[in-house]
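Visitor: Please take one part of this model and look at it closely. I would like to see what one side chain touches, and then what lies around it.

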Amino acid sequence: MTATSRHTDRTAHRALRREVPSTAAVLADERDFTAMRRYRTFPFDDHDSYLRQMERLLRTLTAQGVLTTLSLFDPAAYETYCAELDLDPDRPESRTRYAAEAARTGATVTYEGEPLSSLLPLLVEEADRRAAWDHATALLARTGNCAECGTDLARAAFARATHAVQQLLASLGDGSHHLVCSIAADGPPLLAVLHATARDGAPPGLTETETLGFCTVLATGLALRAPGGIVARSTTAPTDRATTADGGRDTVRGWSLRDSWLRPLSTAEVFTAYCTDADTGEPVPPEHGVDYAPGLPLTPPPGTHDHH
């Protein structure tokens, strides 16, 4: 082989490498990292060092033009995966196979050269959203049809939830809105977050995946008549996400689920809900620059399946 042909092969190899995407699964927190240290072949003993080396590797791949998809490495799910496929969990190739599976079926983000410290919270948030959507979808699927009229209860609840979200956003009007829906269902509470920005009376800008997840969680609460509600925090200011220093104030409103619909909370109820620690029940000081207001009335859609 001549020097020219070897150079051509190396060039072709580098070009081909850029055509092949990569996947990586990261241990995002100290607890998951500690769980993996029980495997003899796991080569790391310090979480911070592990994250630094992972970021160095990701940056190297990005510099080479390689697209990398990042997912979360879940030690419990990894153990189950290995047991189901009869794999030895204490082998690097087993971890590699699981990382590829996690990227195929789980929550992912694309790495574009940013620090892991800023990317991991987004990945964890996406994983939480995906888990809530999966749980809510499973619960909705069990509702079946109405014994009296045969209506598909899941479909009816989703249509009702979509109508509620559209009406709620229209009522909130212009501004940047951060909505949180919480439903007390079987297992851990279902949580979904929705961000919307509307200007000059135009329809709000929404993310499709966020909207789908939010409506699905709300639909689950409506279908099961489960306790829950929505809290909306709105910023109306000259610039997005403005603080009081920029001349803007945040307004918090709330609604509770009652009789398969969203009922507005009073100002006192909103204040109590927002200024109470969810874990301890202890009061939390109100935030500076935040106004607490009653929820806005929302009208149920006509002809929906709420008469039984």
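Guide: Start with the contacts of Val 165. Leaving out residues up to four places away in sequence, Val 165 touches Leu 194, Phe 214, Cys 215 and Leu 218. Val 165 sits in helix α7. Its relative accessibility is 6%, so Val 165 counts as buried, the cut-off being under 20%. Take the pair Val 165 and Leu 218. They are 53 residues apart in sequence, yet their C-alpha atoms are 9.0 Å apart in space. This is a predicted model.

Now the core. Leu 218 is one of four residues that touch the most other members of the largest nonpolar core. The others named with Leu 218 are Leu 179, Ile 230 and Leu 262. This core holds 34 residues. Helices α6, α7 and α8 each supply at least two of them. So much for the helices; the strands β4, β5, β6, β7 and β8 also each supply at least two. Helix α7, residues 153-172, gives the largest share, 8 residues. A second core, separate from this one, has 27 residues, among them Phe 42, Met 54, Tyr 78 and Leu 87.

Go back to Leu 179. Neighbours within four places in sequence are again set aside. Leu 179 is in contact with Leu 168, Leu 169 and Leu 172, among others. Its contacts also include Ala 192, Val 193 and Leu 194. Phe 214 is on the list too, as are Ile 230, Val 231 and Ala 232. Note two names here. Leu 194 and Phe 214 are contacts of Val 165, and both are contacts of Leu 179.

Next, helix α8. It spans residues 208-224, and its axis comes within 9 Å of the axis of α6, residues 116-141. The two axes cross at roughly 40°. The crossing of α6 and α8 is left-handed. The residues in this contact divide into 10 nonpolar, 5 polar and 3 charged. On the α6 side they include Glu 125, Arg 129, Trp 133 and Leu 140. On the α8 side they include Glu 210, Leu 212, Gly 213, Val 217 and Leu 224.

Follow the chain out of α8. Arg 225 lies in the loop between α8 and β6. Its phi is near 50°, a positive value in a residue other than glycine. Most residues other than glycine have a negative phi. At 47% relative accessibility, Arg 225 counts as partly exposed, because exposed requires over 50%. Compare the loop between β7 and β8, where Asp 259 is found. Asp 259 is not a glycine either, and it has a positive phi of about 55°. With a relative accessible area of 54%, Asp 259 is exposed.

One caution on confidence. The mean pLDDT of the chain is 86, and 86% of its residues reach 70 or more. Residues 239-246 have pLDDT below 50. Beyond near neighbours in sequence, that stretch has 13 contacts in the model. Where pLDDT is low, the predicted coordinates should not be read in detail.

Last, the whole chain. It has 9 helices and 9 strands. Of its 308 residues, 35% count as buried. Among contacts between residues at least 6 apart in sequence, 65% join residues at least 24 apart. The pair Val 165 and Leu 218, 53 residues apart in sequence, was the one to start from.

Key. Residues numbered from 1 in each chain as written. Predicted model: local features only at pLDDT ≥ 70, side-chain atom pairs only at ≥ 80, totals over all residues. Heavy atoms only, no water. Axes fitted to C-alpha atoms, helices over the stretch in contact; angles between N-to-C directions. Helix = DSSP H or I, 4+ residues; strand = E, 2+ residues; numbered from the N terminus. Left-handed = near helix turned anticlockwise from the far one by under 90°. Contact = heavy atoms within 4.5 Å. Nonpolar A, V, L, I, M, F, W, Y, C, P; charged D, E, K, R; others polar. pLDDT = per-residue confidence, 0-100. Core = buried A, V, L, I, M, F, W, Y, C linked by side-chain atoms within 4.5 Å. Buried < 20%, exposed > 50% of the residue type's maximum accessible area, 1.4 Å probe, protein only.
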